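Me: Please give me a close look at one part of this protein, the loops with an odd backbone. Then show me what lies around them.

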Amino acid sequence: YTLSLNTDTPSHFGSRTLTGSLRGDTFDFTGNYTRTIVSGNGNVDYGSGFRDTLDLSGLLSTSVNFNLANPTTGGVLYNPGNGTRLFDSITLGDGREILFEGIDVIRFADRSINLSVTPNDPLYNQQWNLHMTGVHNAWRFTTGTSNVLIGVQDTGLGATPTGAIHYDLRTTTIYTDNYRDDYRRGTTTKTTSHGTDVQGIIAAASNNGIGMTGINWNSNVFHIDVLDSNTGDKSLYQAAQNMINQANSRGQRLVINMSLGVAESFGANHHTSLETIVRNNPNVLFVIASGNDGELGRSGISSPAFLANTYSNVMAVGAVWGARDFNGNTTTPGTRIEYSGWWGSQYGAGLTLMAPSEVIATNAVRNADGSVSFGFDTRFNGTSAATPNATGIASLIWSANSSLSATQVRTIMSQTAYDMGAAGYDSYYGHGVANADAAVRRALAIARGAIV
């Protein structure tokens, strides 16, 4: 027998995966890999000028072929191990390929290409919550559509005596007989409007050169006062049914934000009527705060967030820090918030994922003379602040692919979350920190036929 051996070896082989942190990371392109996969994973440092950068500075931009993704065409479907997503692609002259997501800028020898969306609102650079969760990257694909209705069950909105709401909130579907915050809890007078803060995170007017940027720029908002047991306030059940009726009448997907819960309930069911409507409406997504009693060291999330342990159309949302805490101390981005003697993000069975807290939000303050002043909170906190971040991201996912079920939206957000704590799911972090860019890319991949 004559044995022939070919001693030539291929110039390129295998693949390499590069995974970013929640900070501004730089990814270079080295080695003879046939394919390099890069995931930026959000960038809490964006407002400080740092970028998740794909460094191809050894190449001219004219020497490569681009296949950038958009909502309908382009890009490459690829499964990095947690669900097939729509990746951007660059092919080099020698055939090597780079797939990437969550990248803010591509740096070439001759120029840089900015991929993230930067609105002109003056407070945007301080909204680290949007940057750490990759919302500024997800906006390439959608800023919200009329296919989605966002329900907000909270206090009412702070309003002037003439009925005007915060100048940086978009036109909203208002429940006409109780949209105003009563600024009262029983016999106690309040000065701040919780509902105004919550709605601003989700849907502040965006790219209008004023104030802050909302996560969703276009979808309608239906705001109903359910808190503090004031005259005219609706029950959670009544408000949810009103929102469902509104969405059904317009053929819209409905995601309901509930930045509320019963203190120290730790899984006890205080919301049996709400549970009925959750069970009977599986294609409505309920996004609920996990609660603020985590510093007590007791496992269990609050009611009604604990419903997430039973129903796949409910998400329980915990709270994480960015680069600094409320007092200005340095923190590790994505760490669960807990203060000794103050508040902590509740944890336990049913916790779905985490989102940022201590963030910028619209606010409305009632003055002693009864007038109302509008401005911005710089550190709106609690799981109340984390929940609207998750709700806003969910609304972008549904805007990208309205054929998804509520369960699929929750699954997508869980699959694509940035893992924190113990590897995989754990009761302190759920599936991890919400990642808007990866989640929207997953939704688009499913729209193009991806199953896994």
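Reply: Let's go straight to Asn41, which lies in the loop that runs between strand S3 (35–39) and strand S4 (53–56). (Strands are DSSP runs of E with at least two residues, helices are runs of H or I with at least four, and both are numbered from the N terminus.) Keep in mind that this is a predicted model, so local features need pLDDT of at least 70, side-chain atom pairs count only at pLDDT 80 or more, and totals for chains, interfaces and linings use all residues. Residues are numbered from 1 along each chain as its sequence is written, and side-chain values use heavy atoms, with hydrogens and water left out.

What makes Asn41 worth a stop? Its phi is near 70 degrees, a positive value in a residue other than glycine. Most residues other than glycine have a negative phi, and most peptide bonds are trans. Asn41 has a relative accessibility of 13%, so it counts as buried. (Buried means under 20% relative accessible area, exposed over 50%, and partly exposed in between, with a 1.4 Å probe and protein chains only.)

Tyr183 tells a similar kind of story. You'll find it in the loop between strand S12 (173–174) and strand S13 (184–185). It isn't a glycine either, yet its phi is positive, at about 55 degrees. With a relative accessible area of 3%, Tyr183 is buried.

Now for a peptide bond to check. The one from Ser303 to Pro304 is cis, with omega near 15 degrees. Pro304 belongs to the loop between strand S17 (284–289) and S18.

Follow the chain into S18, which covers residues 314–320, and you meet Met315. Is Met315 buried or exposed? It's buried, with a relative accessible area of 0%. Leaving out residues up to four places away in sequence, Met315 touches Leu285, Phe286, Val287 and Ile288, along with Ala308, Thr352, Leu353, Arg410 and Met413. (A contact means heavy atoms within 4.5 Å.) Val372 makes a nice comparison: Met315 and Val372 are 57 residues apart in sequence, and their C-alpha atoms are 33 Å apart in space.

Next, a helix. In H3, 9 of the 10 residues are buried, so the helix is largely enclosed by the rest of the structure. The buried ones are Gly195, Thr196, Asp197, Val198, Gln199, Gly200, Ile201, Ile202 and Ala203. Which elements cover the buried residues of H3? Among them are strand S11 (148–154), strand S15 (220–225) and strand S16 (253–258), plus S20, S21 and H6.

Finally, let's zoom out. The protein chain contains 8 helices and 21 strands. Its C-alpha atoms fill a box of roughly 95 × 45 × 45 Å along the principal axes. Of its 452 residues, 59% count as buried, like the two loop residues we started with. As for who touches whom, take the contacts in the chain with a separation of 6 or more: residues 24 or more positions apart account for 70% of them.
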